[in-house]
Amino acid sequence: MAVNNTNNSARHRIEQLRVEISEHQFLYYVMNNPKIKDADFDLLWNELLKLEEANPELRSESSPTVAVGGGFSTQFVQVDHLKPMMSLDNVFDTEELDSWLTKTERDFEKNEINWLCELKIDGLAVNLLYEEGKLIRGLTRGNGTTGEDVTLNVKTIKGVPHQLSGKNFPKVLEVRGEVYFPLKEFAELNASIEESGKTPFANPRNAAAGSLRQKDPKVSAARPLRMLVHGFGEVNGVEFSTQSEAYAAFKEWGLPTSDQVRVFNKVAEIKKYINGHLDHRHDLQHEIDGVVIKVNQVEIQNKLGFTSRAPRWAIAYKYAPEEVVTKLLDIRVSVGRTGRITPFAFMEPVKVAGSTVSQATLHNQEEVIRKGILIGDYVVIRKAGDVIPEVLGPVLAKRDGSERVFVMPNICPDCGSKLKAISDGDVDIRCVNSRSCPAQLRERLFYIGSRSALDIDVLGYEAASALLADGILKDESGLFAIIPANLSTSEFFTKKDGTLGAIAERFITALAEAKSKPLWRVIVALSIRHVGPTAAQSLAREFGSLEAIEAASIEKLAEIDGVGPTIAAAIVDWFKEDWHREIVKMWRTSGIGQDHQSSELAQTISGLSIVVTGSLTGFTRDGVSQAITDRGGKATSSVSAKTDFVVVGDAPGSKYAKAQELGVPVLDEAEFVKLLAGGKAGLGE
């Protein structure tokens, strides 16, 4: 039977196009980082459409031309590893380690084995499969034989290559590694979660697992996950003589590897490595719970083989958990910038994870009840992720009957106002005196100066306290109207002789620099409940000014991607307060809160939704989106019945066809320029 070469050629090209288009859709919809112009994407799309129409027998339900564009979702399908992904056996002291080392090398000549040592990252184990250098699949460990498919989510991790570098990589390569959540970012994430009234992650490992196991890969992409590779499974096309040689190859191919890996010949060197990292485990950007020791030579690894669950040639030396016992002297409460009341443990000072602590958060009253903690208890504490002190629970055997139950206060400890839940089902209670409660004022000022908001030099906790205590500010509305003379009465800002110090000069300079910060940071700095950086950026893109946000209806706000009904309601409620509007007014007068780039341009297309497809001669892709948003419009990526105009450049594709199908007005580049200049009126409407 003759082979249909034409059909085979079409099949190959269709498969190639489906993969290429899916990758570009992933970069566009999930990563917000497109690599090609719309016009080039449309050319690929149209080529695939024509090939599928000409070869109906090759159509597939998995084709991007059938699936809804941008609808990426992780389904956690169970998939087998090519080679089992085993666990490690553990030892917990040097005696057990010596026993394992002796047993492992007993059938070999003295000094025949050398040992590779690496840090045991406390994260989520994953298995990446590369074929011809291309990332095909990412799986969790699962039961060691079968894992969950998290490919889309793994692709969002910074540092994980979608295509290996160089030319000497194997045809098939399984690499094993650990996905982790950096400690600094973990602390920031938990702080934002607590501020929203939700239960924070218990530790960085849980945060990593929770962030990777998201159905929507956009959520994973928004989290600062990282990965380090520490092993391999199936390899076809390359042979490694040692584990360290494999790691060197991984690095050359662009895979993320640790710079803490060492190879030793002597047991004393292994122990020195273990003790050294125990002493400095808190200096790392990720959490570790021990050290892994492996036979370096692959030939000897193969001779030693495996048990039913673990390799005989590797062991994990586990550090003892850093938990200590101290006495809980009291449970007190703190008041956050949005009035949220948070109970915290006040304890006898104790050293844990390299530092002395005397306070630890208890999150909310329900958490105190759940853990069964009483004032006067001896409690077990640890640092969650070696960052945040956490009370694990009481030592019941140490109770003597003098302990007492914690009762949440009903008045604010800082201003005496009544405390209450803002909404039904809210586990948090709040101080309703948001305008003048000293604690809330101090926390809001401190937050304005933080890196999360306007990043104002000097404006830390002490400066915020001084500004309020010395009467320089009554609230945040006057912050950007401060002049040097205002600071002359404050000891914090003056020298011993009463003249202004360098710190005052730095502060005044930083306030001036804050006036050029982007609008979304100003929105964050207002401390509107639930409004973090993601929502703030969406609001800034959509509205371009605080005035426009204030004027928007709850329905208009809620339909914005990244906002939704809860945040929309919080924004509307915030702007109902006269004194909140006064803050915006005062800041605006001082030059804060304006979108400086767009404020010089007439808002000719305010509220219009515009899609651009094809190449424009007078605009770059980013430039055309900026031109639309600068004039109050909304630059969108897909055509719908709500689209006001579709702008068509060279080589338009499916978006142009969709506009014709829906009857959406189509403009060429010259008409688009007229629209920008004069709005609909400029088109003669």
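**Figure 1. Strand β10 and its two antiparallel neighbours.** Strand β10 pairs with strand β11 (residues 314–318) in the antiparallel sense, over five bridges. The structure shown is a predicted model. Within the β10–β11 pairing, Val 292 is placed opposite Ala 316 of β11. Strand β10 also pairs with strand β3 (residues 115–121), again in the antiparallel sense, and here six bridges are found. Ile 121 has Ile 288 of β10 as its bridge partner. Strand β10 itself spans residues 288–295 and is mostly covered, with eight of its eight residues buried. In general, strands of a sheet pair through backbone hydrogen bonds, either parallel or antiparallel.

**Figure 2. The open four-stranded parallel sheet.** Four strands make up this open sheet, in the order β20-β19-β21-β22, and their pairing is parallel. Strands β20 (634–636) and β22 (666–667) are the edge strands, each pairing on one side only. Strand β19 (residues 609–613) and strand β21 (residues 645–648) run parallel and are joined by four bridges. Two residue pairs mark this join. Val 611 has its bridge partner, Val 646, in β21, and Val 612 stands opposite Val 647 of β21. On the way to the edge, β21 pairs with β22 in the parallel sense over two bridges. The bridge partner of Val 647 in β22 is Leu 667.

**Figure 3. Strand β21 and the helix across the sheet.** Both faces of β21 are covered. Phe 645 and Val 647 are buried on one side, and Val 646 and Val 648 are buried on the other. Helix α23 (residues 654–662) lies across β19, β21 and β22. The helix runs at about 135 degrees to β19. Val 647 therefore appears in this view as a buried residue, since a relative accessible area under 20% counts as buried; Val 647 is also the residue that stands opposite Val 612.

**Figure 4. A salt bridge between helices α9 and α3.** The side chains of Lys 271 and Asp 98 form a salt bridge, with an N to O distance of 2.9 Å. Lys 271 belongs to helix α9 (residues 267–279) and Asp 98 to helix α3 (residues 94–105), so this pair ties together parts of the chain that are 173 residues apart in sequence. Lys 271 is partly exposed, having a relative accessible area of 23%. Asp 98 also counts as partly exposed, at 29% relative accessibility. The whole structure contains 27 salt bridges according to the search.

**Figure 5. Two salt bridges and a salt-bridge network.** Glu 559 and Lys 556 form a salt bridge in which the closest N and O atoms are 3.6 Å apart. Glu 559 is partly exposed, with a relative accessible area of 48%, and Lys 556 is partly exposed at 26% relative accessibility. A further salt bridge links Lys 576 and Asp 573, where the closest N and O atoms are 3.6 Å apart. Lys 576 counts as exposed, at 58% relative accessibility. Its partner Asp 573 is partly exposed, with a relative accessible area of 44%. Elsewhere, salt bridges that share partners join Glu 323, Glu 367, Arg 370, Lys 371, Arg 382 and Glu 390 into one network.

**Figure 6. Contact between strand β5 and helix α4.** Ile 136 is part of strand β5 (residues 134–140), and Thr 151 is part of helix α4 (residues 151–154). The two residues are 15 apart along the chain, and their C-alpha atoms are separated by 7.6 Å. Leaving out residues up to four places away in sequence, Thr 151 touches Ile 136, Arg 137 and Gly 138. On the same basis, Ile 136 touches Leu 129, Glu 131 and Thr 151. Thr 151 counts as buried, at 10% relative accessibility, whereas Ile 136 is partly exposed, with a relative accessible area of 37%.

Key. Residues are numbered from 1 along each chain as its sequence is written. This is a predicted model: local features need pLDDT of at least 70, side-chain atom pairs count only at pLDDT 80 or more; totals for chains, interfaces and linings use all residues. Side-chain values use heavy atoms; hydrogens and water are left out. A salt bridge is a side-chain nitrogen of Lys or Arg within 4 Å of a carboxyl oxygen of Asp or Glu. Buried means under 20% relative accessible area, exposed over 50%, partly exposed in between (1.4 Å probe, protein chains only). Two strands pair if DSSP finds at least two bridges between them. Contact means heavy atoms within 4.5 Å. Axes are lines fitted to C-alpha atoms, for helices over the stretch in contact, and angles run from 0 to 180 degrees between N-to-C directions.
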